[in-house]
Amino acid sequence: MWQQILVWVITTVLSALLAPRPKAPENAQPGQIGDKDVPIASQDAPIPVLFGTRLLSGPNVVWYGDVQVRAIRKSSGGKK
């Protein structure tokens with residue numbers, strides 16, 4: 001059993017040492033929220049009228065289904 005643990009430790013250390021290291025990008029900049037197409041909620045934004053199947057970039061979310069909040073009731077073991 002000790003031999004297996006020793007082999008496991010040695011192979012783990014070797015794989016960590018021999019793994020290729022990723023190169024760091026030269027001009028790395030943090031991402032901004034404007035770079036993404038995330039849904040927004042704005043009263044001033046126009047509501048587009050679409051026909052068929054289309055892909056919207058930066059859609060304005062006016063209504064999102066029947067959102068309901070329910071309490072989670074779950075018993076956790078304990079004495080019976």
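A residue counts as exposed when its relative accessible area is over 50%, and I kept that cut-off at hand while reading this predicted model.

Entry on the whole chain. I looked up the secondary structure first and noted that the protein chain comes to one helix and zero strands. Of its 80 residues, I found that buried ones make up 1%. The chain exposes about 8,900 Å², and I noted that carbon and sulfur atoms supply 60% of that area.

Entry on Leu 17. I located Leu 17 in helix H1, which runs over residues 2-18. Its relative accessible area is 59%, so I entered Leu 17 as exposed. I then found Leu 17 listed in a nonpolar surface patch, whose members include Met 1, Trp 2, Trp 8 and Leu 18, and which has about 1,300 Å² of accessible area together.

Entry on Arg 21. I placed Arg 21 in the segment after H1. With a relative accessible area of 59%, Arg 21 also went down as exposed. Looking for what its side chain meets, I found that a polar atom of it lies 3.0 Å from the backbone oxygen of Ala 16.

Definitions and conventions
Residues are numbered from 1 along each chain as its sequence is written. This is a predicted model: local features need pLDDT of at least 70, side-chain atom pairs count only at pLDDT 80 or more; totals for chains, interfaces and linings use all residues. Side-chain values use heavy atoms; hydrogens and water are left out. Patches are made of residues with over 30% relative accessible area and no salt bridge: like charges are joined within 9 Å, nonpolar side chains (Val, Leu, Ile, Met, Phe, Trp, Tyr) within 5 Å. Accessible areas come from the Shrake-Rupley method with a 1.4 Å probe; for residues, only the protein chains shown count as cover. A salt bridge is a side-chain nitrogen of Lys or Arg within 4 Å of a carboxyl oxygen of Asp or Glu. Helices (H or I, at least four residues) and strands (E, at least two) are DSSP runs, numbered from the N terminus. Buried means under 20% relative accessible area, exposed over 50%, partly exposed in between (1.4 Å probe, protein chains only). A polar contact is a pair of N or O atoms within 3.5 Å; within protein, one must be able to donate a hydrogen and the other to accept it, and residues adjacent in sequence count only if both atoms are side-chain atoms.
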